[in-house]
Amino acid sequence: MPARSTRRRSSRVREAASQSSGDEAPAAVDAGASNGNGKAKTTKRAAAKSASDEPKENIFLFWPNIIGYCRIVLAFASLYYMPLHPRTCSFLYSISCLLDAVDGQAARFFNQSTRFGAVLDMVTDRCTTSCLLVFLSSAFPRWAIVFQGLIALDFSSHYMHMYATLVVGGTDSSHKNIDKSKSWLLNLYYTNKTVLFIFCALNELFFIALYLLSFSSPLLSPHLIKGAEANSAAYKPGQPVNTSILKQLFPDPFSAAALEMARANKLDSTVPWILTAISAPIMFAKQFINVVQLVKASRWLAEVDIESRREQGLPKKAKRS
């Protein structure tokens, strides 16, 4: 009996010890967890404090982006004057285009290059050029399909190119970072600032010159000297028009349309023709680059699709019966 009672007591002692050790273990785990949470909270507080100490930046108020907003305002102003005031419109539109080079210089000088600024710059370029081409479509109805095609090519090539560079190079890539192995022509076009400026400037100059010719050249715009009245034959290009002739063409000789018709007739077409001849080769080269850009971007996306389908095991081999 004493031996049995001794065994029972020893077993009970063991159970109590195991229970006490089991209760202490979770407590230790909880203590460690609480210590870990405390450390994590302290780390987060320190990170938040350091982040709050850093100066906050407003991307929308960076100098290059402010210049971009000015470009948009000037572009809208040029559109307002576009139907009736060719000189004012051309001046405002040209300033908006020239600021395209200034915002890039400001971005590098202030170290404020951003993705938002790059997209804003590209969208502004595409929209302003398209608006001018829309006007040229109405000014030269016979060539409307050509101008419409240029708008479609411009938008599609740039969108496809930007999307392809993001897919192939990742979010940190830029549409201007083109490897020579992929396309030496696009690499030269986007990496050489001088080449890029000349092509963009002369491309816009060609369309501006066409716009001025729509107000000054009877060869391209016969309606400048041909009216509904028979006496409109006296309305000769290059000479001032008196109000008596304008009365025959317009109900009000001092209306905006009548005054601008007389003003446009005084606009010499020599300079616009010279600008058109100088910028035409570059304009055609720019459209060729747009075609190359569209084709290359399409191939890059197709290569990504092929690689993705291979990883998915596509196309699946047909089972042989």
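Both D121 and R71 are buried, a term that stands for under 20% relative accessible area, with exposed meaning over 50% and partly exposed lying in between (1.4 Å probe, protein chains only). These two residues belong to a predicted model, in which local features need pLDDT of at least 70, side-chain atom pairs count only at pLDDT 80 or more, and totals for chains, interfaces and linings use all residues. Residues are numbered from 1 along each chain as its sequence is written, and side-chain values use heavy atoms, with hydrogens and water left out.

D121 and R71 form a salt bridge, with the closest N and O atoms 2.8 Å apart. A salt bridge here is a side-chain nitrogen of Lys or Arg within 4 Å of a carboxyl oxygen of Asp or Glu. This pair links distant parts of the chain, since D121 sits in helix α4 and R71 in helix α2, 50 residues apart. The helices named in this passage are DSSP runs (H or I, at least four residues; strands are E, at least two), numbered from the N terminus.

R71 has further partners. The side chains of R71 and D125 meet in a salt bridge of 2.6 Å, N to O. Here too, distant parts of the chain are linked: R71 is in helix α2 and D125 in helix α4, 54 residues apart. Both R71 and D125 are buried. Through shared partners, salt bridges join R71, D100, D121 and D125 into one network. Within this network, R71 also forms a salt bridge with D100, where the closest N and O atoms are 3.5 Å apart. That pair again connects distant parts of the chain, from R71 in helix α2 (residues 63–81) to D100 in helix α3, 29 residues apart. Both R71 and D100 are buried. In total, the structure holds 4 salt bridges.

D125 deserves a second look. D125 counts as buried because its relative accessible area is 14%. Once residues up to four places away in sequence are set aside, D125 touches R71 and D100, where contact means heavy atoms within 4.5 Å.

Helix α2 also houses N65. With a relative accessibility of 2%, N65 counts as buried. Leaving aside neighbours within four places in sequence, N65 is in contact with I59, F60, T114, F116, G117 and L120.

Attention now turns to helix packing. The axes of α3 and α7 are 10 Å apart, and the two helices pack at an angle of about 170°. Axes are lines fitted to C-alpha atoms, for helices over the stretch in contact, and angles run from 0 to 180 degrees between N-to-C directions. α3 and α7 are therefore roughly antiparallel to each other; angles over 145 degrees earn that name, while those under 35 count as roughly parallel, 65 to 115 as roughly perpendicular and the rest as oblique. Where the helices meet, the residues of α3 include P86, C89, Y93 and R108, and those of α7 include K193, E204, Y211 and F215.

These two helices also share a feature on the surface. F91, I95, L98, F197 and I198 make a nonpolar surface patch of about 450 Å². Patches are made of residues with over 30% relative accessible area and no salt bridge, with like charges joined within 9 Å and nonpolar side chains (Val, Leu, Ile, Met, Phe, Trp, Tyr) within 5 Å. Accessible areas come from the Shrake-Rupley method with a 1.4 Å probe, and for residues, only the protein chains shown count as cover. Helices α3 (86–109) and α7 (193–216) each supply at least two residues of the nonpolar patch, and α3 gives the most, with 3 residues. F197 lies in helix α7 and is partly exposed, with a relative accessible area of 42%.

Helix α6 (residues 184–191) has L185, L186, N187, Y189 and Y190 as its buried residues. They pack against α5 (144–169), α7 and α10.

Two details of the backbone complete the account. Most residues other than glycine have a negative phi, and most peptide bonds are trans. N111, however, has a positive phi, near 55°. N111 is placed in the loop between α3 and α4 (115–139), and counts as exposed at 70% relative accessibility. A cis peptide bond joins L314 and P315, with omega about -5°. P315 is found in the segment after α10 (270–311).
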